[in-house]
Amino acid sequence: MSNHYPFKEIENKWQKSWEEQGTYAAEQPPADDRPKYYGLVEFPYPSGDGLHVGHPRSYTAIDIVTRKQRMQGKNVLYPMGWDAFGLPAENFAIKTKQQPAVVTAKNIANFKRQIQMLGVGFDWNREINTTDPAYYKWTQWMFIQFFEAWFDEKLQKARPISELDIPQDVEARGPEAVREYRDARRLAFKHKTEINWCPKCKIGLANEEAAGGVCDRCGGPVEKREKEQWMLRITKYAQRLIDELEEVDYLEKIKTSQINWIGRSEGALIQFKITNHELRDQDRVTRDAGRATQDVIEVFTTRPDTLFGATYLVLSPEHPLIKNYELRIKNFGQVKKYQEQAKKKSDLERQENKDKTGVQLEGLMAVNPATGKEIPVWVADYVLSGYGTGAIMAVPAHDERDFEFAKKFDLPVTYVVAPSHVDHKNPPQSGKKTVKRNTIHSLIYNPKNKKVLCLKWKNYDWTTFIVGGVEEGEDEIQAALREIEEETGYTDVKFVRRYGGPIQASYFAAHKDENRLAMAHGLVFELQSEKKIEVSPEEQEKHEVVWLERSEITPDRMNCSELEYWLQALDGKEVCFAGDGIAVNSGFLDGLETAKATDKMIEWLEKQGAGERKINYKLRDWVFSRQRYWGEPMPMTYCEMCGWAPVNESDLPLLLPEVKNYEPTDTGESPLSAIKDWVAAECAICGGPAKRETDTMPNWAGSSWYFLRYCDPRNDQEFASSFALKYWMPVDLYNGGMEHTTLHLLYSRFWYKVLFDLGHVPSACGQEPYKVRRSHAMILGEGGVKMSKSKGNVVNPDDMVEKYGADVFRTYEMFIGPYDSDAPWSDRDIQGVKRFLDKVWNLVQSRIKNYELRIEGEVPTLSTPGLDAGDVQPYDYVLNYTIKKVGEDIDNLRFNTAVSQLMILTNELQGLDMRSRDVRSYVKLIAPFAPHMAEELWQALGHEKSVHLEAWPEYDETKLVQSQVVVAVQVNGKLRAEISVPLDAEQDVVSALALEQEPVKKHLADKPPKKVIYVKNKIINYVV
């Protein structure tokens, strides 16, 4: 036999055998009582480029997991399919002037060929394709279920729309009012909203297709455009999507990405009345249906405690009030121009843009309900329409963006929250009385020598600025001038600036023997001249005046807990404070901590009828329409009499028509709109003329439920039977890229929950579709750079399999590094893995040759005498340890360390006789990683049944007690020998044996070492 693993003779043979034998086919469900295991990888979009080396990393990883589960007696479902609708396929078809269906079929065939050549144990009997009408029939059916459902706020679940109670006053207004009432609550609804629009391609884009504000089709700039779109009311599930994460085992970073995207925040919805206008009816702003019409701007804020500091309002450029008040806004032309400019920016650009822009809505003013003062209203693109109400109350003293905006446009800044600090050098002492004070800290700067005046206290280890209290009848500046004169004698100083707002400081005032709770104000003065008066003896006894360099004013020298703030004032930095603290300049809130001030303000707003407590979510409803051809047709028609209605379920699937021209239209409508015969339809409600919806579904549609179809993929009566769903769901392990752990995971969880609520998924399946979610990292090019065609560093799996074989390729991708960390490809390292598998091949082949294993009944035995199965063997520890470690590593997705341990075992077994059962265990350990080689060796050992259907090896606990270890012997840090010594042997024992090794003797050259470094059980190093 060859010394090299002959993969070209073996791998294709076993791939065909596994397919013919149905080795990896899951039973539906089994006749016996075997437990199930459902392993899932994200099904790929089959691009024209074929597989890249990143795809096989996840496929192989979960293949290894499911192979082990199968060998542990589980009925394993490990399916594969194709996420084949979407913009990329349409783009490629337009570019190559082919039909999308033709392109997609070619791509799928190539992807499948590449996956099968890797020997991945997918159950191809369950293959699905989102573009198959037999599949998208059920996607359309599910959309209808969304349309025919509403969300019950009390029960926090979806219910059939037929169960929605209609208020008597609505019913009294007639059928049209009833229809409008229902339509306003459906989980699938049509709504005018902003979309990303590419003017060059004339197409609407999802956010993911317009990343960075550019179209992923042409690379041109994207703008915002209003259009009626189908939406799914995912926002109703926002809280459940957060809360029910507690039920699942996801990586913490995955849960965090979900929670952050949903963006739950608690606060208040506040009404700012619009003033100075006699408004005509058509100019009024209408709030939610059924509520009173008022001329107000509603704002959601998480910091209602700062309401006294709101000095202006800002609307997003898309805010409907702007159009409603067109006749009242004096500079509407300027505002309109600004709106057009904002359309050309992405949301990301608008949020990150540091150069704040905006236009005041001249002629509009609003009233701050807390102060009763009128404040101006602006429009600015840093406010987004998709969050809250699309309007904010600007509190520039306590929000960075508002602060920058206010400074640019010279708007008022009012400080209403004071930071609160404890002086850790002089903290309050228990048992001492606490005195509240309003104090000043005066910072006197000499512009001639750039020094700062301070006081060095004589009886305390203190250096301070000029500190004192504000007496009755004084303001802070008057108090500061008095204290400066009294304590330093200087009389000719000029007030320059103050730190934005006060700071609350808590400390023990030793000179007064009392605790102080001070509201401190930082004031900066410039020394104008040396004019002084005599300082009183009392003051001279307390402290002396010192002038310090700016660099000398440090926390270790100064006795001042507020120092960081005063230095900002000294350096002329304009600041805002965005944290929690103590309410100041806030009337009835003064002195309250932020949390208490927030609650009290909300109570006050509700009593005044000016606001209410509110929970808000950053999550927006899911825009579900696409104005393009290559997607699932929407199963909806519009009738002038009946409005929107679903097609009859008996008419599903509504097929995507074949068209010659599928490029976007000049109007921005879907290409389907040009097919008049297809658009013309019959209303399913009244039988009258209707028009089909010509928008198609997004590629997210088919990928939001595909895991359910795998459970029962050939069912033409249901998307999956309850019987199958109860058995297979939930998914035991779902793996995919980190880039899909936010939107895809969120959408599919939402989709599943709606089906669950409506009873289409049995309650036994649970409320979450995936028990465990894990993610793999990227494989990079040589040197750690990202693979790309332009860099010429893309590794083609076809080339690697041709050169090294599938088993080497698979094993290398697992060995390349930790599964959740990016790892660079290395041609040298894959050759190392090839040498390892060659060793495996030769090791087992030599045992077969030496021992002539034969089958007696069901048990292979050794025919060659001399090796008693019961004898203790030198490899017993490492073999049993490897069985334990590899099993645990596979379960925990630590594939690189599993392969590393198999390499150690293989090296240990070289030249050793082995028991027949241990040869079998060794081959089984290799099987998940190198399935073709293992199958060939298993057959050579005399077995007919596939090794992948055999039992996973078990380790012997009694053999895990290690008595010997291998210690590396180094000379000047270089390995010269390895020795086997008793576990935990002392240095003298190890050294005596090490010094007997010939390579060590040679490099020591009879010279005694200068130093011996011994790491117990690992290395001994001689320094010469």
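Two strands count as paired when DSSP finds at least two bridges between them. Keep that in mind for this predicted model, where one open sheet has 4 strands in the order β8-β7-β9-β29, with antiparallel pairing. Overall confidence first: the chain's pLDDT averages 90, and 95% of the residues score at least 70.

**The sheet**
- The edges of the sheet belong to β8 (203-205) and β29 (622-623), and each has a single partner strand, so one side of each is left without a neighbour in the sheet.
- Further in, β7 (residues 188-198) and β9 (residues 223-232) run antiparallel and are joined by 10 bridges.
- If you want one pair to look up, take T193, whose bridge partner in β9 is K227.
- As for what holds such strands together, pairing in a sheet goes through backbone hydrogen bonds, either parallel or antiparallel.

**Confidence along the chain**
- Back to pLDDT: the average is 90 for the chain.
- Residues 277-294 fall below 50, though the stretch has 32 contacts in the model beyond near neighbours in sequence.
- Residues 855-866 are also below 50, and here the model shows 24 contacts beyond near neighbours in sequence.

**K531 and its surroundings**
- You'll find K531 in the loop between β25 (514-527) and α15 (537-542).
- Is K531 buried or exposed? K531 has a relative accessible area of 54%, and the cut-off for exposed is over 50%, so K531 is exposed.
- Setting aside neighbours within four places in sequence, K531 is in contact with G489, Y490, T491 and D492.
- V493 sits 38 residues from K531 in sequence, with a C-alpha to C-alpha distance of 9.2 Å.

How values were computed. Residues numbered from 1 in each chain as written. Predicted model: local features only at pLDDT ≥ 70, side-chain atom pairs only at ≥ 80, totals over all residues. Heavy atoms only, no water. Helix = DSSP H or I, 4+ residues; strand = E, 2+ residues; numbered from the N terminus. pLDDT = per-residue confidence, 0-100. Contact = heavy atoms within 4.5 Å. Buried < 20%, exposed > 50% of the residue type's maximum accessible area, 1.4 Å probe, protein only.
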